[in-house]
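Let's take a walk through this one together. Keep the viewer open and follow along as we go.

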Amino acid sequence: YRQFSVTVISSMLLSVVVALVLTPVLCATMLKQVPKGHEPSDNAVWFLRPFFRWFDRGFFRARDLYVRLVGRVLAKKLRYLLLFMLIVGAMGYLFQRMPTSYIPDEDQGILMVQAMLPSGSSLEQTEAVINKVRDYFLEQEKDGVDSIMTIAGTSFGGEGQNMALGFVKLKDWKLRQRPDLKVGAIAGRAMGGLFPDKRGHGLRLPAPTGH
């Protein structure tokens, strides 16, 4: 976030310098004074003059329309001020209802589980643990889980006999309309069901993330 902030601020400062220093000098160099009684397009190359005359007519027409609209707004300040306040209120309402995280969580129909046993654990012990994880999802979460694939001996943290990985495929979204069948709810219950109790019974798993 700090690097992103520095990048945005630097680009804004560079844009300000270009707009206030370089752009006016460039315009003064390129734009020539129009003699009295002539059009700006008369300074262009002869075969481009018809295009610039057409462009000037459209540009000046749009400018006059904008001036008339601004004049109408200034003549009826109260009406347009109320309209502006309504827009600000609507934006504030939508801002309060939008997710506050940088990238909002999405239920993409899959959940990943990572298991890590103490160092020195055998592959058989790791397979037994990940099999219990598989049984938990297939039995306790059968309303929302379609299938699960487990791999022992590797994970996102590296390779080893004490590591395991599981990919939980959830059922189609139209079959999981209830809030308790969303990926966040299933992952939360899994943390509670697989976390060890005070006596050390159970499974200690890193927090699964839904993708």
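Before anything else, a word on exposure: a residue is buried under 20% relative accessible area, exposed over 50%, and partly exposed in between, using a 1.4 Å probe and protein chains only. By that yardstick R178 is partly exposed, because its relative accessible area is 44%.

Now some ground rules. What you are looking at is a predicted model, where local features need pLDDT of at least 70 and side-chain atom pairs count only at pLDDT 80 or more, while totals for chains, interfaces and linings use all residues. Residues are numbered from 1 along each chain as its sequence is written, and side-chain values use heavy atoms, with hydrogens and water left out.

Let's get the layout straight. The chain has five helices and four strands, and from the N terminus on they run α-α-α-β-α-β-β-α-β. These elements are DSSP runs numbered from the N terminus: helices are H or I with at least four residues, strands are E with at least two. Of the 211 residues in the chain, buried ones make up 19%.

Start with helix α1, residues 2–30, which is where you'll find V18. V18 is part of a nonpolar surface patch along with L14, V16, V17, L20, V21 and L22, and together they have about 640 Å² of accessible area. A patch here takes residues with over 30% relative accessible area and no salt bridge, joining like charges within 9 Å and nonpolar side chains (Val, Leu, Ile, Met, Phe, Trp, Tyr) within 5 Å. The areas come from the Shrake-Rupley method with a 1.4 Å probe, and for residues only the protein chains shown count as cover. V18 counts as partly exposed because its relative accessibility is 33%.

Next, the aromatics. A pair of aromatic rings is described by the distance of the centres and the angle of the planes. Rings of Phe, Tyr and Trp (its six-membered ring) pair if their centres lie within 6.5 Å; planes under 30 degrees apart are stacked, over 60 edge-to-face, and the rest tilted. Searching the whole structure turns up six aromatic pairs. One of them is W46 with F47: the ring centres are 5.6 Å apart and the planes sit at 85°, so this pair is edge-to-face. Both W46 and F47 are exposed. F55 and F59, on the other hand, are stacked, at 6.2 Å centre to centre with 15° between the planes. Both of these lie in helix α2 (residues 49–75), four residues apart, or about one turn of the helix. F55 is partly exposed at 43% relative accessible area, and F59 is partly exposed too, at 47%. There is also an aromatic cluster made of F51, F52 and W54.

Stay with helix α2 a little longer, since R68 is placed there. R68 joins R72, K76 and R79 in a positive surface patch. For charges, Lys and Arg count as positive and Asp and Glu as negative, with His and the chain ends not counted; the place of a charge is NZ of Lys, CZ of Arg, CG of Asp or CD of Glu. R68 is exposed, with a relative accessible area of 54%.

On to the salt bridges, meaning a side-chain nitrogen of Lys or Arg within 4 Å of a carboxyl oxygen of Asp or Glu. The structure holds six. Among them is the one between D135 and R134, at 3.9 Å from N to O. D135 is partly exposed at 34%, as is R134 at 29%. Another joins D146 and K169, at 3.7 Å from N to O. This pair links distant parts of the chain, with D146 in strand β2 (residues 145–155) and K169 in strand β3 (residues 158–170), 23 residues apart. D146 has 44% relative accessibility and counts as partly exposed; K169, at 46%, does as well. And here R178 comes back: its side chain meets that of D180 in a salt bridge of 3.0 Å, N to O. D180 counts as partly exposed at 31% relative accessibility.

One last stop: how far apart in space are E106 and V183? They are 77 residues apart in sequence and 8.4 Å apart in space, C-alpha to C-alpha. E106 lies in the loop between α3 (77–97) and β1 (110–116), and is partly exposed, with a relative accessible area of 47%.
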